Structure formats: C-alpha cells, structure tokens
Amino acid sequence: FPHFYNVGDTARFIVNYEYQSEGNGGFYLYPKNLFAGKGPLDDSVFTEEKIAYTMSEPEDARRWMPCNDYPRDKVRASIAVKVPAAYTVASNGLLDSIVAEGADKIYYWSDSAPIATYLMAATASVFVSYSEWYHPENSQDSIELVYYVWESDLTNDKTDYTVYNAKNAFQGTSYMMDVFSQAFIPYPFKKYGQVALQPFNFGGMEHQTITSVSRTWLRGRSPSGIAHELAHQWLGDLVTCSSWDDIWFNEGGATWSEAIWAEAWGGEDAYLSDMYLNGYLYKYFPDLLNIPIYGIDSDSIFSNPYVYLVYQKSSWIYHQLRVMLGDEVFFPTFRNMLKEFSFSNIDAEKFEIYFTENAPAPPVAYDIFFNQWLKKAGHPVYALSSNARNLQNGKYEVSVTAGQIQEGENIPDVFVTYLPIVAYAGDVEFRTFVVNNEKVQTFTFETDFLPDSVTIDIQRILADVFPNEVILGIKDDFNNSMTVSPSLARNGEKVIIHINQNALDLSTNVAIYDIMGKLIKTIGFTGDSEFAEFDTSNLTTGQYIVAFTTRTGTITKKIIIQ
C-alpha cells in the first residue's frame with residue numbers, strides 16, 4: 001500500500017486477473033448447436049445459441065474471480081460484461097447502462113444490497129427478454145419480474161409439456177412472490193429475474209435477484225422448483241447462512257417454503273402432504289439415519305444422498321418449530337428475525353438465541369430442539385400401544401404408551417418431542433399434543449367417544465411409528481394385550497413385540513415357534529419394559545407363531561418372513 005492504514009480505514013485497489021482453466025468450473029461456456037442430452041420426453045436437445053454463465057455455489061466463485069469466497073462475507077458489487085452486440089447479459093441488481101464499444105456492448109449491472117460471492121452471477125447469450133410487474137399490497141412500488149430466454153422459448157405457445165414455453169412456465173411467479181411476501185416480509189430487493197440455461201447440471205440456483213434455472217423447467221413441469229428458488233431470495237439471499245455448516249437454513253427453508261406455497265393454493269392438506277413427502281424422501285435412504293444435518297463437508301452438501309438431509313430433513317426443522325409454537329407465535333417471530341438479520345448472516349446459534357429471547361417457554365426447549373435435530377442424527381421411532389376404560393359418565397379414559405426404540409451411532413436415545421396423538425372412531429377424532437421426554441412414557445386423556453384406534457400424526461412430527469395405528473381394546477381385555485409389528489417382515493428386519501402394561505404383572509412369557517411347532521426362541525418380560533425386539537436374521541422365509549402365555553391363558557399372533 002502507498003501509505004499506512006488504520007483499522008477501519010477503506011483501501012481501494014485493483015486486481016487484474018485472467019481466467020485460464022480449460023474446463024468448466026465456476027465459469028461455463030458452450031457453443032451453439034451443442035448436443036445437451038435427452039429432454040423430458042427422451043428427445044435429443046441442442047443449444048439454441050452460444051451461452052456463457054457463472055455458477056459458484058458452494059465455493060467456485062474463487063475460480064472465476066479473486067474473492068474471499070465464504071458466505072459470511074457480503075459486499076456491494078458491480079459487474080460489467082463485454083459481449084458481441086447481438087448478445088444480452090443478465091446479472092445481479094439493476095442494469096445501470098449499456099455502452100456500445102465498436103462491434104461490442106458493455107453491460108453495467110450493480111446491486112445496492114450486500115451480496116455473498118456465491119450469489120454473484122453473470123449470464124450471456126442471444127436472449128430475448130420480457131417483463132411483468134408485481135404490485136405489493138398496500139404499496140405504490142412495483143417490482144419488475146424479468147425473464148431471459150431463447151427466442152423460440154418465448155414464441156412457443158403449446159402447454160402440453162412437449163415444447164419450451166417460458167410464459168407458461170413462469171406465469172405463477174408473481175403469485176408466488178405475493179405468497180412469500182405475506183408469509184415472510186415484503187420482497188426485499190429491487191427486481192427479480194429468471195434466466196434459462198442449457199446445459200445446466202442443476203435444477204435452479206438462487207443468484208441474488210437473478211435466478212438461474214434449467215431450461216427443462218420451461219416445459220412447465222417444475223412450478224415447485226420455481227417457488228423454491230424464489231423463496232431463497234428471503235432464506236439464503238436476504239439472510240444468508242454464515243458457513244456451509246448452516247446450509248440447512250437456506251435449503252431447508254426454501255424446501256419448507258414449497259409447502260408454504262402449496263398451502264396457499266391447496267390449504268392445509270396440501271401443506272401437510274408436501275411435508276410428509278419431504279420426510280419420506282429423507283427416510284428412504286437408510287445410510288442417512290446416522291448422519292447429522294450439521295457439519296456435512298461442503299463438497300458433499302449438494303450430492304446424493306446428502307441432499308436429502310440438507311433439503312428434506314432440514315425442512316422439518318421449520319415445520320416442527322411451526323407446529324410446536326403455533327402460527328400466532330411462530331410467524332411473527334420468524335418475520336422479525338428476518339428483519340433483524342436482513343442483508344447479513346445467521347447460524348444455528350443465532351437462530352436459537354433469537355427465538356429464545358423473543359418466543360420464550362416453548363414446549364421443548366430450543367437448545368434441546370436444535371441440538372437433537374441439527375447436531376444429532378436420526379429421528380424418533382415409536383412402538384405404540386393403547387387401551388381405553390369406560391368411565392361410566394359418557395367419557396372414556398384413553399391411555400397411550402409410547403416407547404422410543406431408535407438406535408444407532410449419534411442418534412439420541414430419547415428425542416424430546418412435542419408429540420401429536422390422534423384417537424379415531426370412524427370419522428370422529430380427538431387430537432392432543434404431549435411432551436414426550438422419556439424413553440417409555442404413558443399419556444392419559446379423556447374423550448367423549450370410545451376410540452377404535454390411536455396413532456401418532458407423522459405429518460406433524462418426523463418419526464416412524466410401529467404399528468402405524470393401534471387398535472384399541474377395553475382395558476383388561478386379555479385378547480388385546482399383545483401386538484406384534486410388522487406382521488409381514490423382510491428377513492433380517494426386527495419385529496417389535498409389545499405387551500400392554502396391565503398384563504405385565506402376569507408372569508408373561510413370549511415364545512416364537514415355526515409352522516411345525518418347533519420352539520425358535522423364548523422372550524421373558526418383566527415389569528421393567530413393555531417392548532422387546534425379535535431379530536429375524538436367522539429365520540428362513542415362511543410363517544411363524546408368536547405365543548403370549550400367562551396364568552390367564554395363551555394368545556397367538558402370526559408373522560410372515562419374506
């Protein structure tokens with residue numbers, strides 16, 4: 001430096017640099033008429049025009065510009081791009097000017113809002129563009145929604161998914177922006193753009209104010225993807241994770257926001273269905289059950305199967321927090337948190353502290369909630385039993401015993417949960433929430449009807465339940481004192497045997513026999529536990545009998561190993 005600087009001074013300097021890589025990485029350049037692979041209809045796809053673009057998340061911005069390439073470092077940025085006169089450039093923020101220079105043009109873009117390096121972007125091709133306007137409620141302002149596509153993608157008018165049709169694919173953007181502006185806070189930037197890329201090895205990328213999307217989306221099959229990337233403008237761009245350990249905030253938040261959008265057009269059922277699917281996708285990969293969300297290496301956060309932790313499981317952090325606090329507490333607190341951390345960064349600790357200070361006394365303490373769902377692995381697995389007693393006054397006392405049986409590396413022995421229990425009798429239901437903080441715990445409540453089944457609502461808690469639904473018997477009904485789940489099991493799968501608490505004082509003994517009557521195993525029960533696991537690894541396929549014997553008599557259940 002030419003002279004001494006004090007801490008807090010601003011130093012201005014210029015770095016001249018040149019991109020020298022022969023391969024794509026951070027910066028991508030493709031020629032016209034390049035075979036880009038197979039399309040959604042198994043048709044051959046070719047690039048319509050030559051195209052160049054940047055794609056940086058998580059740490060490829062350093063490959064196309066000198067920078068401190070970490071999400072916590074936000075700056076105000078301007079980007080200038082020189083291209084042949086026929087080309088158009090899309091970038092962050094607002095277009096300040098276009099300056100002709102011989103046969104070329106220079107596009108000057110600038111973003112007045114602080115921006116992280118991985119959210120900076122520039123794209124150039126022979127694009128056509130069109131705009132629409134979002135008019136925020138109770139505001140005189142208008143937000144420009146501008147789209148950059150190849151010419152044929154704008155002129156196509158079919159809506160049967162056989163052609164690229166930009167107007168059909170993007171038509172819901174204004175409505176989505178209104179949904180998120182209502183659910184969160186008003187859209188925080190001065191414009192929103194979407195630019196279609198091909199080839200593009202991703203679905204979409206939420207570059208600040210200018211989302212890059214795969215051209216395949218223009219066939220109209222990915223409205224949830226468009227909603228996901230738009231939601232990132234709040235959850236990821238306005239407020240950004242401090243490090244890649246906290247990518248759950250960005251991606252879990254945007255995945256949850258897809259369900260918020262579904263709720264806006266389809267009601268609570270659409271919201272819960274969307275969240276249930278997220279849970280199913282996470283649980284579909286058994287290898288993920290021993291891996292926490294927090295601390296996944298940055299090289300792996302967007303690769304299979306880790307994406308299902310980063311996106312799907314993380315979305316349940318938002319969902320379960322909403323369920324636990326209720327909308328009247330959760331949403332005002334969440335909106336104020338977005339305002340508090342606008343144009344800056346957040347991590348799990350800051351998130352937890354903010355809710356602790358502004359929404360105190362939750363059913364499950366925030367430190368326990370965030371630790372078990374972020375820093376620990378897995379989810380609760382419940383073995384469930386229930387019985388009912390007629391109180392002779394038009395009321396019934398229902399007892400539900402929930403035992404947590406999950407096990408594995410880094411999986412909590414006990415998840416402390418805000419547990420949703422539902423009792424049914426035909427179309428009539430009774431719902432309640434309880435705090436489950438013990439490995440085996442019994443909850444008792446009164447109903448106005450005799451339930452015929454009880455379950456845990458796994459649309460509101462990320463859990464597995466065995467059996468999925470417990471058929472009730474009146475208390476002391478011996479024939480309903482044992483349940484076996486699953487009754488149809490794969491070889492090697494564990495079978496859960498449950499004895500009702502009221503039967504445990506009858507010197508219980510459970511025996512497993514093969515179909516010829518040969519004793520395979522004996523399991524003894526005491527008053528200490530209502531549950532036992534039976535390992536089927538050494539069994540051949542076929543039918544087996546589980547016999548429950550006490551001084552009162554014997555009942556049997558059949559299991560099939562396949």
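In which helix is the place of Gly-252? In this predicted model, Gly-252 sits in helix 5, which covers residues 247–283. The residue is buried, and its relative accessible area is 0%. Apart from neighbours within four places in sequence, the contacts of Gly-252 are Ile-247, Val-310, Tyr-311, Ser-314, Ser-315 and Tyr-318. Asn-33 lies 219 residues from Gly-252 in sequence, and the C-alpha atoms of the two are 37 Å apart in space.

The protein chain as a whole contains nine helices and 32 strands. Its C-alpha trace spans about 100 × 50 × 50 Å along the principal axes. The chain has 562 residues, of which 51% count as buried. When contacts between residues at least 6 apart in sequence are considered, 64% of them join residues at least 24 apart. The area exposed by the protein chain is about 25,600 Å², and 48% of this area is supplied by carbon and sulfur atoms.

One part of the surface is a nonpolar patch of about 520 Å², made by Phe-1, Phe-13, Val-15 and Tyr-17. Within this group, Phe-13 is found in the segment before strand 1 (27–30). Phe-13 has a relative accessibility of 60% and therefore counts as exposed, the cut-off for that class being over 50%.

Charged residues were examined next. The protein chain carries 39 positive and 69 negative charges, and the mean positions of the two sets are 2 Å apart. Side chains of opposite charge can pair when their charged atoms come close. A search of the whole structure returns 20 salt bridges.

One of these salt bridges joins the side chains of Arg-215 and Asp-153, with an N to O distance of 2.8 Å. Arg-215 is in the loop between strand 14 (210–214) and helix 4 (223–231), whereas Asp-153 is in helix 1 (residues 151–155), so the pair ties together parts that are 62 residues apart in sequence. Arg-215 is buried at a relative accessible area of 3%, and Asp-153 is buried as well, at 1%.

A salt bridge also involves helix 5, the helix of Gly-252. Here the side chains of Glu-268 and Arg-460 meet at 3.0 Å, N to O. This pair links distant parts of the chain, since Glu-268 belongs to helix 5 and Arg-460 to the loop between strand 22 (453–456) and strand 23 (464–466), 192 residues apart. Glu-268 is partly exposed, with a relative accessible area of 46%. Arg-460, in contrast, is buried, because its relative accessible area of 15% falls under the 20% cut-off.

The loop between strand 22 and strand 23 also holds Asp-457. The side chain of Asp-457 forms a salt bridge with that of Arg-431, at 2.8 Å from N to O. Arg-431 is located in strand 20 (residues 428–436), and this pair again links distant parts of the chain, 26 residues apart. Asp-457 is buried, with a relative accessible area of 8%, while Arg-431 counts as partly exposed at 39% relative accessibility. Salt bridges with shared partners join Glu-268, Glu-429, Arg-431, Asp-457 and Arg-460 into one network.

Methods: Residues are numbered from 1 along each chain as its sequence is written. This is a predicted model: local features need pLDDT of at least 70, side-chain atom pairs count only at pLDDT 80 or more; totals for chains, interfaces and linings use all residues. Side-chain values use heavy atoms; hydrogens and water are left out. Helices (H or I, at least four residues) and strands (E, at least two) are DSSP runs, numbered from the N terminus. Buried means under 20% relative accessible area, exposed over 50%, partly exposed in between (1.4 Å probe, protein chains only). Contact means heavy atoms within 4.5 Å. Patches are made of residues with over 30% relative accessible area and no salt bridge: like charges are joined within 9 Å, nonpolar side chains (Val, Leu, Ile, Met, Phe, Trp, Tyr) within 5 Å. Accessible areas come from the Shrake-Rupley method with a 1.4 Å probe; for residues, only the protein chains shown count as cover. A salt bridge is a side-chain nitrogen of Lys or Arg within 4 Å of a carboxyl oxygen of Asp or Glu. Lys and Arg count as positive and Asp and Glu as negative; His and the chain ends are not counted. The place of a charge is taken as NZ of Lys, CZ of Arg, CG of Asp or CD of Glu.
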